[in-house]
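Trainee: Got a minute to go through this one with me? I'd like to start with how the chains meet.
Mentor: Sure, put it up.

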Amino acid sequence: MKRLLAVLCLGLLPIGAGAEVSDRGALIASVTDQHILPRYAALAETGAALAETAEAHCGADDPALRAAWGLAFDAWIGVSHLRFGPSETDNRAFALAFWPDSRGKTPKALRAMILKGDESVLTPEGFAIQSIAVQGYYAMEYLLYDPEIATLGSEAFRCDLVRAMAGQIAAVTRAIEADWRASYAETLRRAGAEDNAVYRTEEEGVQELFKALGTGLQVTADMRLQRPLGSFERPRPNRAEARLSGRSVRHVILSAEALDELAGMLSAGSPSLAAQFHEGFDYVRAASVALDDPVLATVSDPAKRLNIETIQAVLDDLREIAAVELGSHLGVVAGFNALDGD
Amino acid sequence: MVTRRGFIAGALAAGSVSTVTWAGLGDVHFLSAAQDREGAYRLIGMAETGAAIFSVPLPARGHAAAAHPSAAEAVGFARRPGNFAFVVDCLSGAVLHRLEAPEGRHFYGHGAFSMDGNTLFTTENDFEAGQGVIGVWDRSAGYRRIGEFASGGVGPHQICRLPGRETLVVANGGIETHPDAGRAKLNIPMMEPNLAYLSPEGAEIEVMELPREMHMNSIRHIAVRDDGMVAFGMQWQGDRAQAPVLFGAHRLGEEVRLLQPTPEQHAALNAYVGSVTFSQDGREVAISSPRGGVVQVIDLEGMRVARSVAMADVCGIGANAAGFVLTSGDGRVARYVGDRLEETGRQDIRWDNHMVAV
């Protein structure tokens, strides 16, 4: 908190000073209808568009294919903090996004699959049962941008593999969106209803949304930024997310935008809290653009690394504001042991 | 402000090992890490009521402790991904030694002693390799680190020694983390937890794995019974609505047995078990879920939940002759005997995940 204060000169609310949110049901409904559902709709639409594009354009350097993949990936980053309910059913989210790949399983598995050239894996049913390391947006990045894998083996096989991946992304995103629309949105909106086994109280519903903000902040601070930062002595630029396609910083910005939207809604009734979040996320966005370093390569530059560290520090401060002040505002402060167990 | 270095120098008292045995100890019944009202972290020797008999400052959040088998001495560990462990004289609360995880390793927060108490085993992360290791420390040489061996998996968390023998049992939680990414979990879709039985030299005796559909069920906490029965609690990393059973028991060379809860008993745990403790007679096991705010007592013979009690943010469980003693993150200590929960003390303190009976 001190850092954000120093960076942005923000004032902090004393703990507990925020009026507890008065209408939890309305809060849940607004986040569901204005944040979650439109974003999942965009995810399914861009997933379908990717599959359609891949039918006509399957070459690694085809601009139409790359553009469709980029839009679909953007939509995923915009929901990647919403890790509950339909995205978790049958591990769908992992099938869309196997990341981080800390042991390099994706390139290894793709290489083996392409060199083997077994066409039975290319049908929708055959592909769906393959390792999640070869499924989703991150695996597809290798086929489009990795100099080795994008030219490996038979071109025809790679083309069909792109189509299988795109088809799988379309199917999974469609299933997630369908579940949200058919039932899960209602389950969430009806948190606290007598027959609601998932969210037994309105507080549990609010808590789910509150946790999503924390998840998103953690992923962006710890995984998108801190992993490539490594340590001063040992920076790890190769760990930057989606660096093959030059999207690492783009993901930080997209995630900040999505989290800003969610934090704003969760702060309803406390303009000062909403302003704190907005100012913090705005800083993250602007400072990320100002890096002028799409793949965070400057983690290895002792002079410029501080700029990335500062963004990370502001995200950590936002995490603290979320945990303490927003938690108190929403009345969902988790217990010492329940919050972050081990 | 006390600097870390100054703190350590001040905390290290003279003397190397405790010569007092547990029998001579008197009032200390349990050890637990905690956060005090100022937000500072401590390792506390508790009376049964939770009253602090001694209180040792820690430089960061603690997790669990390992009690020496005979001397009134215990090792308190940092919470992952911490680097420190403190050897404490449980009579005076003096810090006898400070252990530091070697370069490229951090502690996970648990440890166990050999039968003679001369060797301490600690669960650690070789984070560059993403593999679990067991650190080996020589108490007679002032807790010098003398080696390490593979834990048999990724993310080893709690370690115990089977009573009456040197065999170690390790809960390899399966989750890869790296201090560069804080506590973020890096390999959930690929995780493969197990229960590994190891010789004190690190030879694999047996590795118990659950069916593939349970591979996202992190085996994290264990307790052992005199006959070698190992009770284990799990933390489900997938969709909460699809969580499988969260408790089981296993003995070397035998088939694993899983709890058979009712849907309500299962849902009450909220996909998470935080602590596992045998009753003193060994017939029952208590498991806690701070996320569900519940403790369930399991009849091990029938693998059924015999009774349960609600307690907010409960995690630590100790056993004594009467039953169980519970602690919570909001400072409560309670006795759980039969069906009755009786609060015995409440302080402005946050009890951390584990109680260790001494």
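Trainee: How many residues does each chain put into the contact?
Mentor: Chain A gives 24 residues and chain B gives 29 residues. Two residues are in contact if their C-beta atoms, placed from the backbone, lie within 7 Å. This is a predicted model: local features need pLDDT of at least 70 and side-chain atom pairs count only at pLDDT 80 or more, while totals for chains, interfaces and linings use all residues. Residues are numbered from 1 along each chain as its sequence is written, and chains are lettered from A and ligands numbered from 1 in the order in which they are written.

Trainee: Which helices of chain A each supply at least two residues of the side that touches chain B?
Mentor: Helix H9 (202-229) and helix H13 (336-339). H9(A) gives the most, with five residues. Helices (H or I, at least four residues) and strands (E, at least two) are DSSP runs, numbered from the N terminus.

Trainee: And by class, what is on that side of chain A?
Mentor: Eight nonpolar, nine polar and seven charged residues. Ala, Val, Leu, Ile, Met, Phe, Trp, Tyr, Cys and Pro count as nonpolar; Asp, Glu, Lys and Arg count as charged; the others, Gly among them, are polar.

Trainee: New topic. Where are the domains of chain A?
Mentor: Domain 1 is 27-189 and domain 2 is 201-331. The bounds come from an automatic or database domain assignment. Taken over C-alpha atoms, the centres of the two domains of chain A are 23 Å apart.

Trainee: How many residues does each domain of chain A bring to their contact?
Mentor: Domain 1 brings 23 residues, domain 2 brings 25 residues. On the domain 1 side, helix H2 (24-56), helix H3 (63-77) and helix H7 (136-145) of chain A each supply at least two residues. H2(A) gives the most there, with six residues. That side of domain 1 of chain A has 13 nonpolar, six polar and four charged residues.

Trainee: Over to chain B. How many bridges join E21(B) to E22(B)?
Mentor: Six, between strand E21 (residues 284-289) and strand E22 (residues 294-299) of chain B, and they run antiparallel. Two strands pair if DSSP finds at least two bridges between them. B:Val285 has B:Ile298 in E22(B) as its bridge partner. The two strands, E21(B) and E22(B), form a hairpin with four residues between them, and B:Gly293 in the turn has a positive phi of about 60°.

Trainee: What does E22(B) do with E23(B)?
Mentor: Six bridges join E22(B) to strand E23 (residues 304-310) of chain B, again antiparallel. B:Val294 stands opposite B:Ala310 in E23(B). This hairpin of E22(B) and E23(B) also has four residues between the strands, with B:Met303 at a positive phi near 50°.

Trainee: Is A:Ser183 buried or exposed?
Mentor: Exposed, because 12 other C-beta atoms lie within 10 Å. The cut-offs, with C-beta atoms placed from the backbone: buried is 20 or more other C-beta atoms within 10 Å of a residue's own, exposed is 12 or fewer, partly exposed is in between. A:Ser183 sits in helix H8 (residues 155-189) of chain A.

Trainee: Why call H10(A) largely enclosed by the rest of the structure?
Mentor: Because 14 of its 19 residues are buried. Helix H10 (residues 248-266) of chain A reaches 27 Å from its first C-alpha to its last, close to the 27 Å expected at 1.5 Å a residue. That expected span is 1.5 Å times one less than the number of residues.
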